[in-house]
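Dear colleague,

Please find below the structure I agreed to hand over to you. My findings follow directly after it, and I would ask you to read them with the structure open.

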Amino acid sequence: MIEENHTLVTEFILTGLTNHPTLKVVLFLLFLVIYLITMVGNLGLIALIWKDPRLHTPMYLFLSSLAFADSCTSSSVTPKMLINFLSKNHEISLVECFAQFYFMGSSATTECFLLSVMAYDRYVAICNPLLYPVLMSKRLCSQFIAVTYFLGVLHLAIHVGLLLRLTFCRSNIIQYYYCEILQLFNVSCIDPSINMFVLLVFSISIQALTFVTIMVSYIRVLFAILRKKSEKGRSKALSTCSAHLLSVSLFYGTLFLIYVCPGSGPVGDKEKMLSLFYTVIIPLLNPFVYSLRNKEVIGAFKRVVRK
């Protein structure tokens with residue numbers, strides 16, 4: 001608590017993306033369409049994989065889990081942002097603020113580990129096809145998925161637990177469109193150095209571990225693909241892996257810029273755009289990135305439509 005202001009903050013005000021009334025309406029319509037497409041794309045992909053027995057394989061089991069994580073990431077941020085576009089009341093309680101950060105962050109962490117598991121799955125499928133049914137059994141895949149979600153939940157429980165040691169009295173205004181942890185540090189009246197250190201250590205460790213796993217897996221996959229004699233086999237493997245690598249590049253690039261190399265001082269448009277990219281745009285793109293060039297998914301969709 002600071003001497004000039006002894007009132008502790010129990011509610012925050014999210015400034016959002018803009019204060020311009022006309023632009024708010026335009027952005028509301030834009031992000032409403034994006035959110036609806038995101039949910040239809042991800043939940044539709046989950047339903048398609050669940051409905052078609054031909055897609056009951058480890059790769060599509062992981063893909064459906066990724067789609068669920070993307071749905072959670074988008075749903076933790078976008079609905080509140082849409083409400084604030086049309087409402088004059090931009091307040092969010094301390095509990096709601098922590099909850100929003102928790103669900104968004106746990107989904108993002110889960111996605112990091114899911115992407116590394118998906119890379120390992122492709123490595124085993126392409127480099128050790130004869131051992132694939134043993135090394136990637138349904139039971140083991142289910143355990144992988146359970147662990148990724150557990151790590152996501154545990155990771156954010158640590159950060160939210162550390163947030164509870166902070167009190168907020170400098171200001172109740174958050175210059176952002178959701179309760180982002182770095183913005184909470186800016187309005188804390190207790191030194192958040194411990195929180196910042198833990199955040200930096202975990203961010204670097206998780207991103208480095210999962211990214212290295214992905215890169216090692218795909219380097220070995222690339223060499224295995226180049227050794228393939230079948231042109232059709234090379235084409236199919238490259239198509240599957242290129243979609244995954246595109247998703248990985250977009251996701252890790254934005255996370256690295258935000259949490260491993262955060263800027264100092266007031267938040268700017270650049271930081272907001274980067275954050276929008278991984279909380280809104282990537283969940284929108286992922287189901288289409290993984291599906292549009294995937295003949296098995298397209299075939300399953302056509303069979304469902306015919307029925």
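Arg303 counts as partly exposed, because its relative accessibility is 23% and the partly exposed class lies between 20% and 50%. Please note that this is a predicted model, and that every value here is computed from it.

The side chain of Arg303 meets that of Asp52 in a salt bridge, with a distance of 2.8 Å from N to O. Asp52 is found in the loop between helix H1 (21-51) and H2, whereas Arg303 belongs to helix H10 (residues 295-306), so the pair ties together parts that are 251 residues apart in sequence. With a relative accessible area of 7%, Asp52 is buried, since buried means under 20%.

How many salt bridges does a search of the whole structure find? The search finds two. Besides the pair just described, Asp121 forms a salt bridge with Arg122, and their closest N and O atoms are 2.9 Å apart. Both Asp121 and Arg122 are buried.

I also examined a pair of helices. Helix H2 covers residues 58-86 and helix H3 covers residues 94-127; their axes come within 9 Å and cross at roughly 160°. H2 is therefore roughly antiparallel to H3, as angles over 145 degrees count as roughly antiparallel. The crossing of these two helices, H2 and H3, is left-handed. In the contact of H2 with H3 there are 15 nonpolar residues, together with five polar and five charged ones.

Yours sincerely,
A colleague

Notes:
Residues are numbered from 1 along each chain as its sequence is written. This is a predicted model: local features need pLDDT of at least 70, side-chain atom pairs count only at pLDDT 80 or more; totals for chains, interfaces and linings use all residues. Side-chain values use heavy atoms; hydrogens and water are left out. Axes are lines fitted to C-alpha atoms, for helices over the stretch in contact, and angles run from 0 to 180 degrees between N-to-C directions. Helices (H or I, at least four residues) and strands (E, at least two) are DSSP runs, numbered from the N terminus. Angles under 35 degrees count as roughly parallel, over 145 as roughly antiparallel, 65 to 115 as roughly perpendicular and the rest as oblique. A crossing is left-handed if the near helix is turned anticlockwise from the far one by less than a right angle, and right-handed if clockwise. Ala, Val, Leu, Ile, Met, Phe, Trp, Tyr, Cys and Pro count as nonpolar, Asp, Glu, Lys and Arg as charged, and the others, Gly among them, as polar. A salt bridge is a side-chain nitrogen of Lys or Arg within 4 Å of a carboxyl oxygen of Asp or Glu. Buried means under 20% relative accessible area, exposed over 50%, partly exposed in between (1.4 Å probe, protein chains only).
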